Amino acid sequence: MSYITQKKISQIFRQDVMQKGFKHVSVAQIMHQAQIRRQSFYDNFDDKYDLLAWTIQATMEDIIDSNLDYLPWQEIISLVFFELQENAKFYKSVLKSQVEVDVVREIAWHIQILLLHILRKKGLIKNRQAYDFVETYCLGLTYTMTNNLFLPEPKEYDELAQKVCNAIEFAFGNY
């Protein structure tokens, strides 16, 4: 299956999750809407959990990994927060409706890639304290992002992104 077909299935999946909730989305419905035979789904994904993992990974790769050499890291952080805010229904549903895919860990992994990229650019990649900070901070940052979705009055993405950028600049400025 081509990457474009996978993206099409993923896009329909995201829309269905936002409309119906994760628990109420089925492979048969997704493939019917995509107008692709059902077997094509199973040629590339084991089940809807595998599709969820692929969707999160592909989204974070599009936002973070593919922009490392093109956008300032602050802008990438802002894009991640924007993604979560714009698709809050999707993320809220997958976070509260399933445990098979660790959504927070997948997002944190890609944020770690971004922060390690910053360390490399600053010449700090061999600094063990900086590396330990990145490893620990990424999970906390991602929990902050995802927990914000469930607040009665969530903070705006740009406000949170600015706080994160300030914290990163403070931490890396001390090395």
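Relative accessible area sorts residues into three classes, where buried means under 20%, exposed means over 50%, and partly exposed covers what is in between (1.4 Å probe, protein chains only). The exercises below apply this to a predicted model, in which local features need pLDDT of at least 70, side-chain atom pairs count only at pLDDT 80 or more, and totals for chains, interfaces and linings use all residues. Residues are numbered from 1 along each chain as its sequence is written, and side-chain values use heavy atoms, with hydrogens and water left out.

**Exercise 1. Loop residues**

Task: Determine whether Q35 is buried or exposed, and describe its backbone phi.

Solution: Begin with the location, since Q35 is found in the loop between α2 (27-34) and α3 (38-44), where helices (H or I, at least four residues) and strands (E, at least two) are DSSP runs numbered from the N terminus. Next take the accessibility: Q35 has a relative accessible area of 73% and is therefore exposed. Finally, the phi of Q35 is near 60 degrees, which is a positive value in a residue other than glycine. For background, most residues other than glycine have a negative phi.

Task: Place Y70 and N127 in the chain and assign each its accessibility class.

Solution: Y70 is found in the loop between α4 and α5, and because its relative accessibility is 68%, Y70 counts as exposed. The C-alpha atoms of Y70 and K7, which are 63 residues apart along the chain, are separated by 23 Å. N127 is found in the loop between α7 and α8, and with a relative accessible area of 23% N127 is partly exposed. The C-alpha atoms of N127 and K163 are 36 residues apart along the chain and are separated by 24 Å.

**Exercise 2. Two helix residues and their contacts**

Task: Which residues does W54 contact, leaving aside its neighbours within four places in sequence?

Solution: W54 is found in helix α4 (residues 48-63) and is buried, because its relative accessible area is 16%. With contact meaning heavy atoms within 4.5 Å, the partners of W54 outside its neighbours within four places are Y3, Q6, K7, S10 and F45. For one of these, S10, the C-alpha to C-alpha separation from W54 is 8.1 Å, although the two residues are 44 residues apart in sequence.

Task: Decide whether H117 is buried or exposed, and name the residues it touches.

Solution: H117 lies in helix α7 (residues 103-122), and its relative accessible area of 14% is why H117 is classed as buried. Not counting residues up to four places away in sequence, H117 touches L68 and D69. The C-alpha atoms of H117 and W73, 44 residues apart along the chain, are separated by 8.9 Å.

**Exercise 3. The packing of α1 with α6**

Task: What is the relative orientation of α1 and α6?

Solution: The axes of helix α1 (residues 3-20) and helix α6 (residues 88-97) come within 8 Å and cross at roughly 80 degrees. Here axes are lines fitted to C-alpha atoms, for helices over the stretch in contact, and angles run from 0 to 180 degrees between N-to-C directions. Angles under 35 degrees count as roughly parallel, over 145 as roughly antiparallel, 65 to 115 as roughly perpendicular, and the rest as oblique. The two helices α1 and α6 are therefore roughly perpendicular to each other. In this contact, F13, R14, V17 and M18 of α1 meet K89, F90, Y91, S93 and V94 of α6. By class, the contact of α1 with α6 has six nonpolar, one polar and two charged residues, where Ala, Val, Leu, Ile, Met, Phe, Trp, Tyr, Cys and Pro count as nonpolar, Asp, Glu, Lys and Arg as charged, and the others, Gly among them, as polar.

**Exercise 4. N148**

Task: Where does N148 lie, and what does it contact beyond its neighbours within four places in sequence?

Solution: N148 belongs to helix α8 (residues 128-148), and its relative accessible area of 8% is why N148 is classed as buried. Leaving aside neighbours within four places in sequence, N148 is in contact with P154, K155 and L160.
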